[in-house]
Amino acid sequence: MDQSQHQQHGGTMQHQQQQPRSYQVVKAATAATAGGSMLVLSGLILAATVIMLTIATPLLVIFSPVLVPALITVGLLITGFLASGGFGIAAITVLSWIYRYVTGRHPPGADSLDQARMKLAGKAREMKDRATEFGQQHVTGQQTS
């Protein structure tokens, strides 16, 4: 490496080292500004919350015999409507799946249902055969006695 190349290379290294420092200063200033403003904002919100709670507490105590049952009633109403809607959506989904299954459109899970139906039918046949055998043995056993 000759001296001119070394100076050029060294110059770019100094320029690269200065850029990150300036970027670091800008980043730190931005972070300090954002953090400080958020800290001030959180303090103001805390103060406003304490003031509002101080004002609202006597009102809550005065109106609590009305508010508590009203809140319980509203909560139960909301829960009932949400449950009703959820069960309605579930019923529509199930009916839609059954319709697709019956019309042969092969909805998701139809293979599992068919396999389970075949297993159940096989077990039912097996139990029927066992009961028939047991009944025949029982009848022949009574006739010999």
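## The annotated spans

Over residues 70-99 the chain is 100% helix and 0% strand, with the end C-alpha atoms 43 Å apart. Keep in mind as you look around that this is a predicted model. Residues 70-99 are one of two stretches that UniProt, in an unreviewed entry, lists as "transmembrane region"; the other is residues 39-64. That second stretch is likewise described as 100% helix and 0% strand, and 35 Å separates its end C-alpha atoms.

## Overall fold and surface

Stepping back to the whole chain, you will find two helices and zero strands. Helix α1 covers residues 3-102, and helix α2 covers residues 110-144.

Of the 145 residues in the chain, 1% are buried. The accessible surface adds up to about 12700 Å², and carbon and sulfur atoms account for 70% of that area.

## A nonpolar patch

Now for a spot worth colouring on your screen: Leu59, Leu60, Ile62, Phe63, Leu67 and Leu71 make a nonpolar surface patch of about 610 Å². Leu60, one of its members, sits in helix α1. With a relative accessible area of 48%, Leu60 is partly exposed, because the exposed class begins over 50%.

## The aromatic pair

The structure holds one aromatic pair. Its partners are Trp97 and Tyr101, whose rings are stacked, at 5.3 Å centre to centre and with 5° between the planes. The stacked label applies because planes under 30 degrees apart count as such.

Where do Trp97 and Tyr101 sit relative to each other in helix α1? They are four residues apart, so about one helical turn separates them. Trp97 is partly exposed at 22% relative accessibility, and Tyr101 is also partly exposed, at 26%. Trp97 is not counted as buried because that class is reserved for values under 20%.

## Salt bridges in helix α2

The count of salt bridges comes to two. In one, the side chains of Arg117 and Asp114 meet with an N to O distance of 3.3 Å. Both residues belong to helix α2 and lie three residues apart, about one turn of the helix. Arg117 is partly exposed, with a relative accessible area of 49%, and Asp114 is partly exposed as well, at 23%.

The other links Glu126 with Arg130, where the closest N and O atoms are 3.2 Å apart. Here the partners are four residues apart in helix α2, so the separation is about one helical turn. Glu126 has a relative accessible area of 34% and is therefore partly exposed.

Notes
Residues numbered from 1 in each chain as written. Predicted model: local features only at pLDDT ≥ 70, side-chain atom pairs only at ≥ 80, totals over all residues. Heavy atoms only, no water. UniProt positions renumbered as here; feature names shortened; annotations may be inferred. Buried < 20%, exposed > 50% of the residue type's maximum accessible area, 1.4 Å probe, protein only. Areas by Shrake-Rupley, 256 points an atom, 1.4 Å probe, with all protein chains shown as cover. Phe/Tyr/Trp six-rings, centres within 6.5 Å; stacked < 30°, edge-to-face > 60°. Patch = residues over 30% accessible without salt bridge, like charges linked within 9 Å, V, L, I, M, F, W, Y side chains within 5 Å. Salt bridge = Lys/Arg side-chain N within 4 Å of Asp/Glu carboxyl O.
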